[in-house]
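Biologist: I would be grateful for a close look at the disulfide bonding in this protein. Please give a connected account that I can follow alongside the structure.

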Amino acid sequence: MVKKLNISANNTADTEDATKEEEHRLLGVIPNTYKDFAKSTSAHGFHWTIESSSFIRKLLWSLVVLVFVITAIITSIRISCEFIFGSGATTEVNIVHHRFPEENIPLPDVIVCDPMPWDVKKAEKQNISADLLSYIAYFIHPTHRGMNFETAMKENNLELQYQTALKKFNQNVPDLLDSVTRTCEDTIVWCQENGGKELKAEDCCKNLFDKGVYQLGGKCYSTRGKLNATTNIAAKIYGLTVAFILNEDVSFKLNLGIAPFWSITTRGLGVGLLTKVDNIFKVMMSKMMWVAPDTFSEISAKKTEMDMSSVAESYLHYKECVNEGDEKYLHMVPGYDFYTNENCGLSSFQGNIVKNLNCSVLYFPPVDGVPFCTPMQTMTALKQTTESVSAKKEFRDHCPMDCVKKSFETKLSSSKLSDGVKKMFRMAEPNFKKDFEGGIFSVYYSDLDYVQTVQHTKTIKETMAAIGGNLGLYIGASFVTLLEFIISLQHLVISFVRDLVINTH
């Protein structure tokens with residue numbers, strides 16, 4: 001019995017020894033494989049971790065190699081993540097120099113907006129009361145209602161009065177507004193382009209400005225399509241100079257309880273600069289400068305350009321973009337002459353308004369067969385549209401971006417007009433009242449050189465080059481090193497499997 005127990009104990013000990021030997025042999029595959037890799041790899045520093053003459057040097061080299069390997073891996077992961085999940089683009093800023101004197105640059109188009117265009121005498125001739133005129137004012141100032149607006153709407157039945165007045169003009173809202181507002185000639189009394197011939201009101205408006213459109217914030221006159229002057233010198237005398245006369249202060253002639261707050265607030269003239277494709281509504285909303293009464297103002301302009309054409313060439317970060325003048329996308333911006341991302345978004349807004357209220361807002365191109373919104377509907381439309389998540393999503397998802405975006409950087413400076421200049425105005429126009437308010441502004445280029453920002457998309461080739469440069473900098477690795485690592489890893493796996501198979505049998 002004792003003999004059997006001794007044999008069993010010996011067998012158990014032998015088995016445990018065999019197991020330990022097997023584990024030792026399997027674990028030994030790893031250092032052996034690393035030694036083979038370190039001796040033969042093209043990466044730098046690894047051979048010193050096994051061939052150094054002393055233990056201390058091996059330890060120091062091992063720490064150095066470990067730190068650089070970890071750094072190389074982390075930075076390579078960051079480069080990859082930036083390419084996959086980041087913007088996928090790099091930005092280049094260039095200064096485009098003007099070629100003097102052979103290159104002539106078109107002057108920027110100008111838009112002039114009168115925030116208080118109401119002509120009370122014209123309104124009286126049309127039998128339009130001060131209450132109704134105050135209600136009509138919501139066409140261009142559709143926010144911040146008067147204190148008694150809701151009560152007056154019910155008691156005076158202003159909507160019915162408005163519909164009655166509109167019938168006289170065959171349901172044409174712009175014609176109705178023209179009948180109660182000042183004209184271009186009433187506002188712009190003198191101009192001069194590029195140091196050339198001086199033009200008085202009628203000739204200035206006929207030759208340089210359109211008849212006017214109604215926008216959010218005022219009645220606006222634009223030089224787009226009429227201002228053909230060019231210059232090859234950046235100077236005030238080679239710009240556009242305009243003299244204007246403001247309307248009389250009608251804030252006390254409107255019903256303060258009905259009229260919108262902004263219709264009785266502002267005295268001055270709005271001035272903005274337009275590119276060939278700029279949307280007037282967007283310029284009014286975000287880029288308008290206000291010239292104060294009785295001042296001479298200088299508006300210096302400098303062109304800027306953002307070129308994002310390369311986003312259409314990226315595979316991973318592809319974004320569709322549209323070049324200026326591409327007619328293939330005009331169906332997305334009905335009523336506009338050019339496709340732009342802004343025009344597309346505003347067309348979507350107009351579409352939502354038509355869908356919800358069955359009318360179109362005056363600020364955007366009219367829709368065939370759809371009437372213009374009333375002042376009350378205009379207030380509702382703008383509020384609903386700006387709060388509409390679906391409209392913003394449609395703008396974001398369905399409107400391709402502009403390949404090249406041009407704009408103007410502007411700077412406004414003003415000084416007070418002298419009494420002598422105002423006297424000259426009265427001498428030129430005897431009908432001007434002694435206490436009239438007006439001003440002069442001049443638009444010119446401050447510099448004909450301009451800043452061009454170009455976005456270059458990162459390609460897979462560039463990303464691989466960045467990763468390769470990163471690995472080469474830290475550990476001297478290359479694609480050959482990657483193959484060496486794969487071969488060593490393969491050798492390690494095969495050794496493990498072979499030893500396991502042998503031990504099993």
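Modeller: Cys-113 is buried, and Cys-220 is likewise buried. The model in which they are seen is a predicted one, and the values that follow are computed from it. These two cysteines are joined to each other by a disulfide, with 2.1 Å from S to S. The torsion about their S-S bond is about 115 degrees, and the disulfide of Cys-113 and Cys-220 is therefore right-handed. Because Cys-113 belongs to strand β3 (residues 109-114) and Cys-220 to strand β7 (residues 218-222), this pair ties together parts of the chain that are 107 residues apart in sequence. The link thus runs from one strand to another, and both of its ends are buried.

The next pair to consider is Cys-184 with Cys-205. Their sulfur atoms lie 2.1 Å apart, and the two residues form a disulfide. The torsion about the S-S bond is -90 degrees here, and the link of Cys-184 and Cys-205 is left-handed. This pair also connects distant parts of the chain: Cys-184 sits in helix α9 (residues 184-187) and Cys-205 in helix α10 (residues 201-208), with their positions 21 residues apart in sequence. Cys-184 is buried, as is Cys-205.

A further disulfide is formed by Cys-359 and Cys-373, whose sulfur atoms are 2.0 Å apart. Their S-S torsion is about 85 degrees, so this disulfide is right-handed. Both cysteines are found in the loop between α12 (341-357) and α13 (375-387), and the pair therefore ties together parts that are 14 residues apart in sequence. The loop position does not leave these residues open to the surface. Cys-359 has a relative accessibility of 1%, and since buried means under 20%, Cys-359 counts as buried. Cys-373, also at 1% relative accessibility, counts as buried for that reason too.

These three pairs are part of a wider set, for the count comes to six disulfides. When the bonded cysteines are counted along the chain, the disulfides follow the pattern 1-6, 2-5, 3-4, 7-12, 8-11, 9-10. A contrast in accessibility is offered by another cysteine, Cys-81. With a relative accessible area of 34%, Cys-81 is partly exposed, because this class lies between the buried limit of 20% and the exposed limit of 50%.

The setting of these links is the chain as a whole. The protein chain holds 17 helices and 17 strands. Of its 505 residues, 43% are buried. Contacts in the chain were also examined by separation: among those between residues at least 6 apart in sequence, 74% join residues at least 24 apart. The surface that the chain exposes amounts to about 28200 Å², and carbon and sulfur atoms supply 58% of this area.

Two loop residues deserve a remark on backbone geometry. Asn-127 is not a glycine, yet has a positive phi of about 60 degrees. Asn-127 stands in the loop between α4 (120-125) and α5 (130-136), and its relative accessible area of 66% makes it exposed. Gln-171, again not a glycine, has a positive phi of about 60 degrees. Gln-171 belongs to the loop between α7 (158-167) and α8 (173-178), and at 45% relative accessibility it counts as partly exposed.

Conventions
Residues numbered from 1 in each chain as written. Predicted model: local features only at pLDDT ≥ 70, side-chain atom pairs only at ≥ 80, totals over all residues. Heavy atoms only, no water. Disulfide = S-S within 2.5 Å. Helix = DSSP H or I, 4+ residues; strand = E, 2+ residues; numbered from the N terminus. Buried < 20%, exposed > 50% of the residue type's maximum accessible area, 1.4 Å probe, protein only. Contact = heavy atoms within 4.5 Å. Areas by Shrake-Rupley, 256 points an atom, 1.4 Å probe, with all protein chains shown as cover.
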